[in-house]
Amino acid sequence: MEVREMSRGDIKLVGIKVVGRRQELSHRAPMAWLELTRKLEAIRHKVDPGLFYGVTPESDHLNDGQGGVYSYWVATEVSAFEEVPEGMTTLSIPAQRYAVATCKGGPEQIEPAYIGLARWVAAAGRQARADAYGFELYDARRQRPTPPYETFDYDIYKPLS
């Protein structure tokens with residue numbers, strides 16, 4: 001697995017937050033993606049309408065969720081928060097350094113990609129930053145135009161301390 005380190009500046013997101021156990025999120029997240037893409041035109045100040053973010057507090061990954069419950073935002077980046085569509089929320093991610101790896105293939109590749117990235121972080125003598133957000137960055141230019149996706153080609157950003 002190829003992993004690289006990179007820094008990102010502040011990220012402002014508008015999207016939909018879903019909460020649930022892993023099994024529940026496997027149904028709720030695709031439904032939220034569909035809702036986001038239906039409302040995409042109503043979101044003002046989009047930075048790039050072909051980029052989509054799946055965001056999770058890193059503490060969810062490190063602590064197996066709060067009692068097995070995870071938070072996940074499906075979102076797009078904006079340059080300013082203004083007139084957020086009904087049913088959507090805002091989320092600000094501060095500037096951060098990340099370890100980044102690509103997940104490519106079907107759903108069976110997701111867990112190995114996350115495990116491989118976590119192993120790389122440990123082998124590099126680094127630590128994930130528990131108080132930060134990690135995210136998946138989906139680029140419509142690399143796969144089917146809009147989520148949810150059946151096959152994947154996206155980058156996983158793990159926040160580093």
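How many helices and strands make up the secondary structure of the protein? Colour the whole chain by secondary structure, and three helices and eight strands appear, where helices (H or I, at least four residues) and strands (E, at least two) are DSSP runs numbered from the N terminus. What you have open is a predicted model, in which local features need pLDDT of at least 70 and side-chain atom pairs count only at pLDDT 80 or more, while totals for chains, interfaces and linings use all residues. Residues are numbered from 1 along each chain as its sequence is written, and side-chain values use heavy atoms, with hydrogens and water left out.

**The whole chain**

Followed along the sequence, the elements come in the pattern β-β-α-β-α-β-β-β-α-β-β. The radius of gyration is 15 Å, close to the 15 Å that the globule rule gives for 161 residues, so the protein is as compact as a globular protein of that length; the radius is taken over C-alpha atoms, and the rule is 2.2 Å times the number of residues to the power 0.38. Show the C-alpha atoms alone, and they fill a box of roughly 45 × 35 × 30 Å along the principal axes.

Next, switch to a surface view, where the protein exposes about 8,300 Å², with carbon and sulfur atoms supplying 50% of it (Shrake-Rupley method, 1.4 Å probe; for residues, only the protein chains shown count as cover). Of the 161 residues, 45% are buried, a word that here means under 20% relative accessible area, with exposed meaning over 50% and partly exposed in between (1.4 Å probe, protein chains only).

**Strand β8**

Now select residues 152–159, which form strand β8; eight of its eight residues are buried, so the strand is largely enclosed by the rest of the structure. In a regular strand the side chains alternate between the two faces of the sheet. With side chains displayed, Phe-152, Tyr-154, Ile-156 and Lys-158 point one way from β8, whereas Asp-153, Asp-155, Tyr-157 and Pro-159 point the other way.

Add strand β6 (residues 96–105), which runs antiparallel to β8 and is joined to it by eight bridges; two strands pair if DSSP finds at least two bridges between them. One place to zoom in is Cys-103, whose bridge partner in β8 is Tyr-154. Then add strand β7 (residues 133–139), also antiparallel to β8 and joined to it by four bridges, and find Leu-137 opposite Asp-155.

**Tyr-157**

Stay in β8 and centre the view on Tyr-157, which counts as buried at 5% relative accessibility. Its C-alpha lies 5.2 Å from that of Phe-135, although the two are 22 residues apart in sequence. Leaving aside neighbours within four places in sequence, Tyr-157 is in contact with residues including Met-6, Arg-8, Tyr-98, Val-100 and Phe-135, where contact means heavy atoms within 4.5 Å.

**Two loop residues**

Most residues other than glycine have a negative phi. Which value does phi take at His-45? It is near 65°, a positive value in a residue other than glycine. Select His-45 in the loop between α1 (22–39) and β3 (51–57), and you will find a partly exposed residue with a relative accessible area of 29%.

Move last to Glu-83, in the loop between β4 (69–78) and β5 (89–93). Glu-83 also has a positive phi, near 50°, and at 58% relative accessibility Glu-83 counts as exposed.
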